[in-house]
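Trainee: Mind walking me through this one? I'd like to ask about the helices and a few side chains.

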Amino acid sequence: MMAGDSRGALESYDAAAAIRFNEPVLRRMDAALRAVGRARDADAMTARYLAQNPASLVAMRLLAAAWAQEGRQAEAAAMAQALNARDQAL
């Protein structure tokens with residue numbers, strides 16, 4: 001990503017996720033997918049991560065921000081409420 005090669009970075013992040021899919025890899029993959037115009041794939045991947053890791057504040061924040069930007073206000077508000085319930089501001 002830092003070299004401006006989002007597609008190449010996505011391939012590397014995908015390989016890393018196959019080994020260990022943690023929050024740093026999630027953040028990078030989410031950014032890379034969005035950079036190449038695959039916001040729906042980023043949303044789906046992050047939602048799957050959150051389903052498997054329901055305490056992940058990183059995943060919750062990524063989804064809330066993405067949904068707000070996409071105009072999905074009801075979903076973004078629900079996620080913001082879930083974050084607030086955990087004493088975490090968006």
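**A side-chain contact, then the helices**

Mentor: Sure. One thing up front: this is a predicted model. Let's begin with Arg61, whose side chain makes a polar contact of 2.6 Å with the side chain of Gln88.

Trainee: Which helix does Arg61 lie in?

Mentor: Look for the helix that covers residues 57–69. Arg61 falls in that stretch, so the helix follows from the numbering of DSSP runs from the N terminus. That puts Arg61 in helix 4.

Trainee: Is Arg61 buried, exposed or partly exposed?

Mentor: Its relative accessibility is 30%. Buried means under 20% and exposed means over 50%, so a value in between gets the middle label. Arg61 therefore counts as partly exposed.

Trainee: How far apart in space are Arg61 and Gln81, C-alpha to C-alpha?

Mentor: In sequence, Arg61 and Gln81 are 20 residues apart. In space, C-alpha to C-alpha, the separation is 11 Å.

Trainee: How are helix 2 and helix 4 oriented to each other?

Mentor: Helix 2 spans residues 23–35, and its axis is 10 Å from that of helix 4, at an angle of about 20°. Angles under 35 degrees count as roughly parallel, which means the label is easy to assign. Helix 2 and helix 4 are therefore roughly parallel.

Trainee: And how many charged residues are in the contact of helix 2 with helix 4?

Mentor: Helix 2 brings Glu23, Leu26, Arg27, Asp30 and Arg34, while helix 4 brings Leu57, Val58, Ala59, Leu62 and Ala66. Those residues divide into six nonpolar and no polar, and the charged ones number four.

Trainee: What about helix 1 and helix 2: which hand does their crossing have?

Mentor: The axes of helix 1 (residues 6–19) and helix 2 come within 9 Å and cross at roughly 150°. For helix 2 passing helix 4, the crossing is right-handed. For helix 1 and helix 2, the crossing is left-handed.

Trainee: How many nonpolar residues are in the contact of helix 1 with helix 2?

Mentor: On the helix 1 side, the residues include Leu10, Tyr13 and Ala17, and among those they meet in helix 2 are Val25, Met29 and Leu33. One residue of the contact is polar and two are charged, and the nonpolar count is nine.

Trainee: Last one: is Ala85 buried or exposed?

Mentor: Ala85 lies in helix 5, residues 73–85, and is 31 Å from Tyr13 in space, C-alpha to C-alpha. Its relative accessible area is 65%. The cut-off for exposed is over 50%, so Ala85 is exposed.

How values were computed. Residues numbered from 1 in each chain as written. Predicted model: local features only at pLDDT ≥ 70, side-chain atom pairs only at ≥ 80, totals over all residues. Heavy atoms only, no water. Helix = DSSP H or I, 4+ residues; strand = E, 2+ residues; numbered from the N terminus. Buried < 20%, exposed > 50% of the residue type's maximum accessible area, 1.4 Å probe, protein only. Polar contact = N/O pair within 3.5 Å; in protein donor to acceptor, adjacent residues only side chain to side chain. Axes fitted to C-alpha atoms, helices over the stretch in contact; angles between N-to-C directions. Parallel < 35°, antiparallel > 145°, perpendicular 65-115°, else oblique. Left-handed = near helix turned anticlockwise from the far one by under 90°. Contact = heavy atoms within 4.5 Å. Nonpolar A, V, L, I, M, F, W, Y, C, P; charged D, E, K, R; others polar.
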